[in-house]
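Me: I have this one open and would like to go through its helices and a few odd backbone spots with you. Can we take it piece by piece?

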Amino acid sequence: MARRSDGRGWNSKLVGAALGVTLLATGASVWTAQAGTADGSSPEATAPAGNHVRPTAVAIAHASDAGTRGINITIDDGPDPEWTPQVLDVLREYGVKATFCMVGPQAQAHPDLVKKVVAAGHRLCDHSVSHDTAMDKKSEAYQSQQILDAERMITKASGGVRPMYYRAPGGAFTPYSRKLAASRGMRPLGWNVDSKDFERPGTDTIVATVERELPNGPTLLFHDAGGDRTQTVEALRRVLPRLKEQGYSFGFPVR
């Protein structure tokens with residue numbers, strides 16, 4: 001989700017899911033935007049075995065590889081068995097590729113959906129294990145566990161395809177987390193346009209928010225989990241063709 005004040009209930013559900021799955025698994029504008037520690041122990045983080053992992057840039061990405069009229073669609077918090085297939089259907093209908101920022105336990109619980117996302121030509125993004133929007137106030141060991149364990153879960157669920165980006169929950173990046181993600185080949189990923197779909201304000205409001213905020217930059221934020229995403233699906237169905245009519249093309253965040 002986009003803001004730290006959003007969806008504390010969803011964060012709690014993710015923490016519970018993370019614990020549950022872990023127990024089971026033990027067996028033409030200038031577009032710019034966003035760019036601590038605490039006591040506490042964390043389990044040792046494990047990253048996927050390296051097959052020539054190439055470090056990427058540490059700076060938070062916002063630009064699109066589709067150029068000055070490019071748009072990046074990013075989808076957070078899934079995959080979800082009800083909503084991710086519907087989002088994939090809309091994206092396929094309009095020929096749009098997106099970046100899916102997945103929560104580790106969700107990916108681990110639904111590997112079939114992770115594979116469908118990859119097979120459809122979309123990209124993967126590490127969105128941590130517990131979706132802790134206060135990660136920037138936690139220890140480096142905790143940040144490492146959240147990032148690397150989610151990377152491992154997503155990579156395994158995908159059948160070996162690594163996430164290409166890391167998006168901190170609520171934008172709670174730190175210099176350490178950005179450097180760690182970049183060292184694993186995951187470009188830190190921000191956003192420019194928060195559709196506010198997580199709040200379910202109504203489809204019309206979501207569409208209006210995107211249109212109003214689009215001059216802020218090319219990277220749009222939506223969600224495919226965390227509750228009823230009917231409004232998100234309908235908003236995408238309206239926004240995607242409208243953007244195409246306005247001369248925008250769709251790409252991926254720069255690497």
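Me: Let's start where H2 ends: which residue just after H2 takes a positive phi?
Reply: That residue is Gly-95, which comes just after H2 and has a positive phi of about 65°. Please keep in mind throughout that this is a predicted model.

Me: And which residues of H2 are buried?
Reply: The buried residues in H2 are Trp-83, Thr-84, Val-87, Leu-88, Val-90 and Leu-91. Around the axis they cover an arc of only 160°, which puts them on the same side of H2.

Me: What covers them?
Reply: The cover over the buried residues of H2 includes the strands E1 and E2 together with the helices H4 and H8.

Me: H4 came up there, so what is buried in H4?
Reply: In H4, which spans residues 111–119, the buried residues are Leu-113, Val-114 and Val-117. Looking down the axis of H4, one finds these buried residues within an arc of 105°, so they line one face of the helix.

Me: Why would residues with that kind of spacing point the same way?
Reply: An α-helix has 3.6 residues a turn, so residues three or four places apart point the same way.

Me: What does the buried side of H4 pack against?
Reply: The buried residues of H4 pack against the helices H2 (83–93), H3 (104–109) and H5, and also against the strands E2 (99–102) and E3 (123–126). Just after H4 there is a glycine, Gly-121, with a positive phi of about 90°.

Me: Different topic: where is the cis peptide bond?
Reply: The cis peptide bond joins Gly-78 and Pro-79, with omega at about 5°. Pro-79 lies in the loop between strand E1 (70–76) and H2.

Me: Which residue other than glycine in that loop has a positive phi?
Reply: Asp-77 is in the loop between E1 and H2, and its phi is near 85°, a positive value in a residue other than glycine. Asp-77 counts as buried, at 0% relative accessibility. As background, most residues other than glycine have a negative phi, and most peptide bonds are trans.

Me: What about His-131, is it buried or exposed?
Reply: His-131 counts as buried, because its relative accessibility is 0% and the cut-off for buried is under 20%. His-131 sits in the loop between E3 and H5, and it has a positive phi of about 50° although it is not a glycine.

Me: On to H5, then: at what angle does H5 pack with H6?
Reply: H5 (residues 140–158) and H6 (residues 175–183) pack at an angle of about 35°, and their axes are 10 Å apart. The crossing of these two helices is right-handed.

Me: Which residues meet there?
Reply: From H5, the residues are Glu-140, Gln-143, Ser-144, Ile-147 and Leu-148, and they meet Tyr-176, Ser-177 and Leu-180 of H6. Sorted by class, the contact of H5 with H6 has four nonpolar, three polar and one charged residues.

Me: And which residues of H6 are buried?
Reply: Those are Ser-177, Leu-180, Ala-181 and Ala-182, and what covers them includes H5 and strand E4 (165–166). Just after H6, Gly-185 takes a positive phi of about 80°.

Me: Now further along the chain: where is Ile-206, and what is it in contact with?
Reply: Ile-206 belongs to helix H7 (residues 203–213) and is buried, with a relative accessible area of 0%. Leaving aside neighbours within four places in sequence, Ile-206 is in contact with Ser-195, Asp-197, Pro-201, Phe-222, Gln-231, Thr-232 and Ala-235. Of these contacts, Gln-231 is 25 residues from Ile-206 in sequence, and their C-alpha atoms are 7.9 Å apart.

Me: How about Arg-242, what does it touch?
Reply: Arg-242, in helix H8 (residues 230–245), touches Val-207 and Glu-211 when residues up to four places away in sequence are not counted. The C-alpha atoms of Arg-242 and Glu-211 are separated by 9.7 Å, with their positions 31 residues apart along the chain. Arg-242 is partly exposed, at a relative accessible area of 31%.

Me: Last one: how many helices and strands are in the chain, and what share of its residues count as buried?
Reply: The protein chain has eight helices and eight strands, and of its 255 residues 55% count as buried. Its accessible surface comes to about 10700 Å², of which 53% belongs to carbon and sulfur atoms.

Technical notes. Residues numbered from 1 in each chain as written. Predicted model: local features only at pLDDT ≥ 70, side-chain atom pairs only at ≥ 80, totals over all residues. Heavy atoms only, no water. Axes fitted to C-alpha atoms, helices over the stretch in contact; angles between N-to-C directions. Helix = DSSP H or I, 4+ residues; strand = E, 2+ residues; numbered from the N terminus. Left-handed = near helix turned anticlockwise from the far one by under 90°. Contact = heavy atoms within 4.5 Å. Nonpolar A, V, L, I, M, F, W, Y, C, P; charged D, E, K, R; others polar. Buried < 20%, exposed > 50% of the residue type's maximum accessible area, 1.4 Å probe, protein only. Areas by Shrake-Rupley, 256 points an atom, 1.4 Å probe, with all protein chains shown as cover. Arc of directions from axis to C-beta.
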